[in-house]
Amino acid sequence: MRQKQYFIPTLRDNPADAEVASHQLMLRAGLIRPLASGLYTYLPLAHKVLAKIQQVIREEMNKARAQEILMPALQPAEIWQETGRWEVYGPELIRLHDRHERPFALGPTHEEVVTGLVRDEIKSYKRLPLTLYQIQTKFRDERRPRFGVLRAREFIMKDAYSFDTSEEGLDASYQAMYQAYQAIFTRLGLTFRAVEADSGAIGGTDTHEFMVLSEVGEDTLVYCTQCDYAANIEKAEVRRQQYEQVKGTEEPMIEVDTPGQSTIERLVEELGIEAKQIVKAIALAADGQAVVALVRGDYELNEVKVKRALGAEQVEFLEEERIRKDLGSEPGYIGPIGLKDVKVIADYSIMGMENAVIGANKRDKHYLHAKLGRDFTVEQFYDLRNITEEDTCPNCEHPVRFAKGIEVGHVFKLGTKYSEAMGAVFLDENGREKPMIMGCYGIGVTRLLAAIIEQHHDQNGIIWPKAVSPFDLHLITVNTKDQDQESVADTLYESLLQAGYDVLYDDRAERAGVKFADADLIGIPLRIIVGNKAKEGLVEVKWRKTGESELIPKEELVDRLPSLLAKN
RNA sequence: CGGGAAGUAGCUCAGCUUGGCAGAGCGCCACGUUCGGGACGUGGAAGUCGCAGGUUCAAAUCCUGUCUUCCCGACCA
């Protein structure tokens, strides 16, 4: 491809509204352009890279015996009503009406469509197991689109669904997908980690997320320094343990003035105590029902664990109005004593607390010297807090560490949730009707594009891993006015194409600096520069990643390319 | 949805405090000089100052409303 007429609108400055490296570079290198918040056009370079990513995914999925299909993005409301998700899904589901005022949705995922399809077509155990997948545009009206294509409202996803006759079958299908994912992310040149994830309140046994390690990741993952344990912090269990609590004398509980001290930090500062002496009380709405959760002041509440402990679908913070009305309390001063009739649950870290500071449910008031059992009680204890780096591995008791990750893939054992709701059943060997056992497996394709850039760039631009580079080679003439250079480059371009290489040929009448800067931005791993040594028959090859270069006789180039490319 | 910031030329931004001809750099077009790391000169094109309303002789500038974008918190590939 001659660059003169190729559409790569590079930018010299970073656009003001891009924050993270991948977003900035995708804009600057001419990969994407925004249309609205969370909506992007993929320009030729990005489109080529996406095609390569999809190719890798297809190869590995097909190898795992999954079969590619393509389902409609536009879906009638009825199938969503069948599974109950029309009500449950919430505002993230984009809903619309056709000309007959019939309700539809733009698919954020395809369990309903694929389950309906398999239900109608497959009746016998003899046709199972079956795994179907598609690569398609998904729609989710995200509450907050962010970081360019990392969290977009319209994005390309590979979604796969497996149907099995037994739990053992599901295990095998799940394993096959898990391994395919490992192969895919490895081939894409990513540093990643598969972690245990939370499966949500309903069903779902095993589930793993594939995290690309990156500082801009929105997820925190916890891994053991000894064994191979790794989990999303939402999921990571905290070992049950004897907490070392601050001891008190047998002083009675007293009420004190704590004006404006509505945070842990302020209380620590003003009262001269430790955070671990404070009972942090958090008011929540679990499926609308007010609940108070207690956790020791030096720990963070984990809402996913609360959700699981209560068996709730949804847990969110209680609004200030309801804290006053439903709890009879005051935001910032919530405590376990004297609350109206609400459920109070607590993390294990509360056990054995004495000499504690608790909110008095009155503005600017706390109690001191509160003792669990004597002054306040708790209905039930659970593991409700986030693990910390001071905690130990739930498997082997060795230290754990944290890392940030971008979730690029998710594998999930669904069980029979959708097959039962939609009547996707088969007849087994004995003629008995049974629900199919399902799994689902997603990969964020456009998110991968950004994640790859996050892990593969430097100050000057992108450095594509070879497997996904938009071109094999970047051929550059230093000076287009120089006849020698131009003719050498032209013939070289032709012979490279002949040899089967996909070449981007910068034939633009730009100065060398401009071309080199653009080449760095675009990030094709191997560069061939035709410059002032061209009249002596020498061309330069240069590796984008290391900046190393080598002069090579032009006749030898095509023959030596395989080894030159392999060097990087 | 709550909290914060910003909307002026394709991009990055100044001008706004104190109302008075719409600006700069880069990019773009033409010509010339240059030519291995974002050159230089001359000339040129380009903006409904986000939108609507108000105040005023006069609004990019002041006031009100509204829309959009980005960042921080509750969800997901």
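This is a short walk through a predicted model of a protein chain with an RNA strand.

Okay, hi everyone. Since the model is predicted, everything I quote is computed from its coordinates. Let me begin with the overall layout. Chain A is split into domain 1, covering 29-236 plus 402-453, domain 2, covering 254-382, and domain 3, covering 471-566. If you take centres over C-alpha atoms, domain 2 and domain 3 sit 66 Å apart.

Now the RNA. How many residues surround RNA strand B? The count is 48, and the closest are D219, E407, D520, E540 and K542. By class, that surface has 22 charged, 16 nonpolar and 10 polar residues. Looking from the RNA side, 48% of the strand B atoms within 4 Å of the protein belong to sugar or phosphate, with the rest belonging to bases.

Which elements build that surface? Strand 8 (154-164), strand 21 (400-415), strand 24 (437-444), helix 13 (512-522), strand 29 (526-530) and strand 30 (538-543) each give at least two residues. Helix 13 has the largest share, with seven residues.

A few polar contacts are worth pulling up on screen. E540 has a side-chain N or O atom 2.4 Å from a base nitrogen of strand B. R511 puts a polar side-chain atom 2.6 Å from a base oxygen. With E407, a polar backbone atom is the one involved, 2.5 Å from a sugar or linking oxygen of the RNA.

Okay, cysteines. How many disulfides are there? The count is zero. Take C396: the closest cysteine sulfur, in C224, is 3.4 Å away, and that is too far for a bond because the cut-off is 2.5 Å. C396 itself is partly exposed, at 25% relative accessible area. C440, on the other hand, counts as buried, at 13%.

Then there's C393, in the loop between strand 20 (380-382) and strand 21. Is C393 buried or exposed? It's buried, with a relative accessible area of 0%. Leaving out sequence neighbours within four places, C393 is in contact with C224, C227, Y229, R239, H398 and V400. So C224 turns up twice here: as the cysteine with the closest sulfur to C396, and as a contact of C393.

Another buried spot is N232, which sits in strand 12 (residues 230-232). Its relative accessible area is 1%, so it counts as buried. Beyond its sequence neighbours, N232 contacts V195, E196, A197, E209, M211, D219, T220 and L221. You'll recognise D219 from the residues closest to the RNA.

Next, helix 8, residues 303-310. V304, K305 and V306 are its buried residues to look at. What do the buried residues of helix 8 pack against? The partners are strand 14 (279-286), strand 16 (315-317) and strand 17 (343-347). The N-terminal end is capped by N302, with a side-chain oxygen 2.9 Å from the backbone nitrogen of V304. Just after the helix comes G311, with a positive phi near 65°.

For those of you who like backbone oddities, there are some others. R65 has a positive phi of about 70° without being a glycine. R65 is in the loop between helix 2 (44-63) and strand 3 (67-68), and at 59% relative accessibility it counts as exposed. D287, also not a glycine, has a positive phi of about 50°. D287 lies in the loop between strand 14 and strand 15 (289-296), and it's partly exposed, at 46%. And there's a cis peptide bond between L128 and P129, with omega at about 5°. P129 belongs to the loop between helix 5 (111-121) and strand 7 (130-139).

Last stop, the C-terminal side. G500 is in the loop between helix 12 (483-498) and strand 28 (503-506), and it's exposed, at 58% relative accessibility. G500 and D472 are 28 residues apart along the chain, with 9.8 Å between their C-alpha atoms. K567 comes in the segment after helix 14 (554-566). Setting aside residues up to four places away, K567 touches W543, E548 and E550. K567 and L526 are 41 residues apart along the chain, and their C-alpha atoms are 9.8 Å apart.

That's my tour, thanks.

Definitions and conventions
Residues are numbered from 1 along each chain as its sequence is written. Chains are lettered from A and ligands numbered from 1 in the order in which they are written. This is a predicted model: local features need pLDDT of at least 70, side-chain atom pairs count only at pLDDT 80 or more; totals for chains, interfaces and linings use all residues. Side-chain values use heavy atoms; hydrogens and water are left out. Helices (H or I, at least four residues) and strands (E, at least two) are DSSP runs, numbered from the N terminus. Buried means under 20% relative accessible area, exposed over 50%, partly exposed in between (1.4 Å probe, protein chains only). A residue is near a molecule or strand if one of its heavy atoms lies within 4 Å of it. A polar contact is a pair of N or O atoms within 3.5 Å; within protein, one must be able to donate a hydrogen and the other to accept it, and residues adjacent in sequence count only if both atoms are side-chain atoms. Ala, Val, Leu, Ile, Met, Phe, Trp, Tyr, Cys and Pro count as nonpolar, Asp, Glu, Lys and Arg as charged, and the others, Gly among them, as polar. Contact means heavy atoms within 4.5 Å. Domain bounds come from an automatic or database domain assignment.
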